[in-house]
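This report describes the fold, the surface and a selection of residues in the structure shown below. Overall features come before individual helices and side chains.

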Amino acid sequence: MMRDRFIVLVNATTSERTKHVDFERETGIKRNTVKSLLDGKQRFNEEHITAISDRFPEYKMWFVFGETMPEAGQISPEIEEVADSYGETGMDTQ
């Protein structure tokens, strides 16, 4: 569900305390709208999807369709987090 992916995205890209303000600053979506979208009180429209996709193009396919295609640069915040932590462990042999 898009709302679930939105929650993941907001949590991955903002601080918990200032997430509504941070996400507004990142995307231009008003903080009250961000809160309503997070709470499920408002549905996503084309403007929201466009703003999110413009700011986070690497997450576009995941956000809209719930699918990733890493070979095409289409990932999710979870994939990025795993890749980042993999590199930090020193396990990356390349």
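From the N terminus onward, the elements of the chain follow the order α-α-α-α-α-α, and the secondary structure accordingly comes to six helices and zero strands. The model is a predicted one. Its C-alpha trace spans about 45 × 30 × 20 Å along the principal axes, and of the 94 residues in the chain, 32% count as buried. Among the contacts with a separation of 6 or more, 40% are made by residues that lie 24 or more positions apart.

The accessible surface of the chain comes to about 6,300 Å², and carbon and sulfur atoms account for 48% of that area. With regard to charge, the chain has 12 positive and 18 negative charges, and the mean positions of these two sets are 11 Å apart.

**Helix α3 and its cover**

Helix α3 covers residues 31-39, and its buried residues are Thr 33, Val 34, Leu 37 and Leu 38. On which side of α3 do these residues lie? They are on the same side of α3, because the arc that they cover around the axis is only 135 degrees. This fits a general property of the α-helix, which has 3.6 residues a turn, so that residues three or four places apart point the same way. The elements that cover the buried residues of α3 include α1 (2-13), α2 (19-27) and α4 (46-55). After α3 comes Gly 40, which has a positive phi near 80 degrees.

**Helix α2 and Glu 24**

In α2, the buried residues are Lys 19, Asp 22, Phe 23, Glu 24 and Thr 27, and they pack against α1, α3 and α4. Just after α2, Gly 28 adopts a positive phi of about 85 degrees.

Glu 24, which is found in helix α2, deserves a separate look. Is this residue buried or exposed? Glu 24 is buried, because its relative accessible area is 18%, which falls under the 20% limit used for that class. The side chain of Glu 24 is joined to that of Arg 31 by a polar contact of 2.9 Å. When neighbours within four places in sequence are left aside, Glu 24 is in contact with Ile 29, Lys 30 and Arg 31.

**Thr 14 in the loop before α2**

Thr 14 is found in the loop between α1 and α2, and it counts as buried because its relative accessibility is 14%. A polar atom of the Thr 14 side chain lies 2.5 Å from the backbone oxygen of Val 10. Which residues does Thr 14 contact, leaving aside its neighbours within four places in sequence? They are Lys 19, Asp 22 and Phe 23, and these three residues are listed among the buried residues of α2.

**Residues with more accessible area**

Asn 11 lies in helix α1 and is classed as partly exposed because its relative accessible area is 41%. Not counting residues up to four places away in sequence, Asn 11 touches Glu 16 and Lys 19. Lys 19 is also in contact with Thr 14, so that on the α2 side Lys 19 is a partner of both Asn 11 and Thr 14.

Glu 47 has its place in helix α4, and at a relative accessibility of 66% it counts as exposed, since the limit for that class is over 50%. Ala 83, in turn, is located in helix α6, which covers residues 77-88, and it is partly exposed because its relative accessible area is 46%.

The following table sets sequence separation beside C-alpha to C-alpha distance for three pairs that involve these residues.

| Pair | Separation in sequence | C-alpha to C-alpha distance |
|---|---|---|
| Ala 83 and Val 8 | 75 residues | 16 Å |
| Asn 11 and Glu 47 | 36 residues | 21 Å |
| Glu 47 and Glu 78 | 31 residues | 24 Å |

Glu 47 appears in two of these pairs: its C-alpha atom is separated by 24 Å from that of Glu 78, and by 21 Å from that of Asn 11. For Ala 83 and Val 8, a sequence separation of 75 residues goes with a distance of 16 Å in space.

Key
Residues numbered from 1 in each chain as written. Predicted model: local features only at pLDDT ≥ 70, side-chain atom pairs only at ≥ 80, totals over all residues. Heavy atoms only, no water. Helix = DSSP H or I, 4+ residues; strand = E, 2+ residues; numbered from the N terminus. Buried < 20%, exposed > 50% of the residue type's maximum accessible area, 1.4 Å probe, protein only. Contact = heavy atoms within 4.5 Å. Areas by Shrake-Rupley, 256 points an atom, 1.4 Å probe, with all protein chains shown as cover. Lys, Arg positive; Asp, Glu negative; His and termini not counted. Charge placed at Lys NZ, Arg CZ, Asp CG, Glu CD. Arc of directions from axis to C-beta. Polar contact = N/O pair within 3.5 Å; in protein donor to acceptor, adjacent residues only side chain to side chain.
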